[in-house]
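The following exchange examines a protein model through questions and reasoned replies. Please consult the sequence and the coordinates while reading.

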Amino acid sequence: MEFRKNDLVTLEIEDCGIDGEGIGKADGFTVFVKDAVIGDTVTAKIIKAKKNYGYGRLMEVLKPSPYRVEPKCEFARQCGGCQLQALSYDQQLVFKTNKVKGHLERIGGFTDIPMEPIIGMDELFHYRNKAQFPVGYDKEGNLVAGFYAGRTHSIVANTNCAIQAKVTHPIVEKVLAYMRGNKISAYDEKNHSGLIRHILTRVGFTTGEIMVCLIVNGTAKQLKNINKLVDKLKEIEGMTSIIVNTNTDKTNKILGLHCETVWGQDYIEDYIGDIKYQIGPLSFYQVNPQQTKVLYSKALEYADLKGQELVWDLYCGIGTISLFLAQKAKQVYGVEIIKEAIDDARRNATLNHMDNVEFFVGKAEEIVPAQYEKTGIHPDVIVVDPPRKGCDAALLNTMLDMAPERIVYVSCDPATLARDLKILCAEKYTLEKVAVVDQFSHSVHVESVVLLQRKNM
Ligand code: SAH
């Protein structure tokens, strides 16, 4: 059946889309409904209709889902940060498990999938160690900071985010008070005028060290009486680094390239497991270090290293997984496309006195085939942790040629994971284990790690 704009439909919400919207079907017609929760029965008004699917506005919840809960944050509905706060955490985990399993079945063609029980989080709130608050003005012209509403750049004013480290709240309030007291303007995207664009905070959860970085459409010199702010921020226990980052470009990118330390160190330090990292304002670092440790321990368990192995870690970022593996392997090679990330990776290897890791800058799909052609060496284990788009076909083919005993695939997108596993498991490998590790409660993101074992042929 076809539907038209303004039609009213009754739907049972059975799934959740990438932005957290509820998905239901009316006579084979799929409707995406923002703010509807899995398990709800709702009426929705079609606001946009295509041939087989459309978008609906939630009009009434006829029967609330048994999994509906009161969001902790009063801005949960408007704010683009969280998508699932109205869904009970148990059900968030069921949703994430089913998502991975469903994709492996439908896209990967797998049956009898060896799913381990999902590993949920202990701390469902205040788990993020990095926040980037945009600063601007509300409709009345008041200075505000908060987060963007979904898909827009209008700021939902909220300095007390439910998933950020608690200390971000006083930090952001102090910055806003300083701006008001010293007539420091917020950046205005439309006119490319004004000064402070974002307030970035980073907290080392293990060390307690804190960094505050102001992203400014100008330089530190233009921030009048910055010392007054520094004095206020220093009162916060753990304050280690206060930095001004210059970004004078007309861009959606948050950070510019130039940083000036106005007080303290240029970086903070933190640990994942026993490995220490130096983190600057521009460094990539996992935002939920506690669950990252769980995820990487799983990857390490699957790699099953005894000490003599040669391991490749592809898409290695700043080498987080590489250094984890290097604790147990003979030699690890990491590959990453971004040079600055490899600079961090090398520095972190030195910081941890690890000399059995080597890093390559470049595309995995170019570096790995070239190295294999040059050396002909077969590694024992290959670990991949690609971005959402998954692995390049040329890389998958080289991995099959290299034929390591085990492949450990860490994935942030179950759809491309399933697509790639179908290729890897066509002949040479079997799907041994699948673990889903929740990293981001209240968001729709799903992280999983998979073990493939080479068949004895
Ligand atoms: N394993 C890392 C992060 C993985 S995120 C960690 O634990 O921190 C995926 C990484 O792949 C990003 O750092 C991205 O820059 C990198 N990347 C993207 N395309 C790539 C390619 N074609 N070859 C190598 N690295 C790539």
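Q: Over how many bridges do strand β1 and β2 pair in the antiparallel sense?
A: In this predicted model, strand β1 covers residues 8–16 and strand β2 covers residues 22–26. One bridge between them joins I13 to G24 in β2. The two strands pair in the antiparallel sense, and the number of bridges is three.

Q: Which residue in the turn of the hairpin formed by β1 and β2 has a positive phi?
A: The hairpin of β1 and β2 has five residues between its strands. Within that turn, a positive phi of about 85 degrees belongs to G20.

Q: Which residue in β3 is the bridge partner of G24?
A: Strand β2 also pairs with strand β3, residues 29–33, in the antiparallel sense over five bridges. Along this pairing, I23 stands opposite F32. For G24, the bridge partner in β3 is V31.

Q: What is the phi of D27, in the turn between β2 and β3?
A: β2 and β3 form a hairpin with two residues between them. D27 lies in this turn and has a positive phi, with a value of about 50 degrees.

Q: How many of the five residues of β2 are buried?
A: A residue counts as buried when its relative accessible area is under 20%. By that criterion β2 is mostly covered, and the number of its buried residues is four.

Q: Which residue in β4 is the bridge partner of T10?
A: β1 pairs with strand β4, residues 41–49, as well as with β2. The pairing of β1 and β4 is antiparallel and runs over five bridges. Within β4, the bridge partner of T10 is T43.

Q: In what order do the five strands close into a barrel?
A: The pairings of β1 with β2, of β2 with β3 and of β1 with β4 belong to a barrel whose pairing is mixed. Neighbouring strands of this sheet are turned by 50 degrees against each other on average, direction ignored. The barrel closes in the order β1-β2-β3-β5-β4.

Q: Why do β8 and β12 each have one side without a neighbour in the sheet?
A: Seven strands form an open sheet in the order β8-β7-β6-β9-β10-β11-β12, with mixed pairing. β8 (155–157) and β12 (258–264) stand at its edges, so one side of each is left without a neighbour, as each has a single partner strand.

Q: Which residue in β9 stands opposite Q132?
A: Inside the open sheet, β6 and β9 follow one another in the strand order. These two strands pair in the antiparallel sense over five bridges. Opposite Q132 in β9 stands L200.

Q: Which strands each supply at least two residues of the lining of the largest cavity?
A: A search of the whole structure finds one cavity of 30 Å³ or more, and the space in the largest cavity is about 40 Å³. Its lining consists of N129, R202, V203, G204, I268, D270, I279 and Y285. The strands that each supply at least two of the lining residues are β9 (196–203) and β13 (268–272).

Q: How many residues of the lining of the largest cavity are charged?
A: The lining includes R202 and D270. By class, its residues divide into four nonpolar and two polar, and the number of charged residues is two.

Q: Is N348 buried or exposed?
A: N348 belongs to helix α6, residues 339–351. A polar atom of its side chain lies 3.2 Å from the backbone nitrogen of Q278. The relative accessibility of N348 is 1%, so N348 counts as buried.

Q: Is D112 buried or exposed?
A: D112 is not a glycine, yet its phi is positive, at about 45 degrees. D112 lies in the loop between α1 (89–106) and β6 (130–137). Its relative accessible area is 74%, and the limit for this class is over 50%, so D112 is exposed.

Q: What is the relative accessible area of H192?
A: H192 is a residue other than glycine with a positive phi, near 50 degrees. The loop that holds H192 runs between α2 (168–181) and β9. H192 counts as partly exposed, with a relative accessible area of 26%.

Definitions and conventions. Residues numbered from 1 in each chain as written. Predicted model: local features only at pLDDT ≥ 70, side-chain atom pairs only at ≥ 80, totals over all residues. Heavy atoms only, no water. 1 Å grid on protein atoms, 1.4 Å probe; cavity = no way out; pocket = protein on both sides within 12 Å on 5 of 7 lines; lining within 4 Å. Points joined across faces, edges and corners; volume = space filled by probe spheres on them. Nonpolar A, V, L, I, M, F, W, Y, C, P; charged D, E, K, R; others polar. Pairing = 2+ DSSP bridges. Axes fitted to C-alpha atoms, helices over the stretch in contact; angles between N-to-C directions. Buried < 20%, exposed > 50% of the residue type's maximum accessible area, 1.4 Å probe, protein only. Polar contact = N/O pair within 3.5 Å; in protein donor to acceptor, adjacent residues only side chain to side chain.
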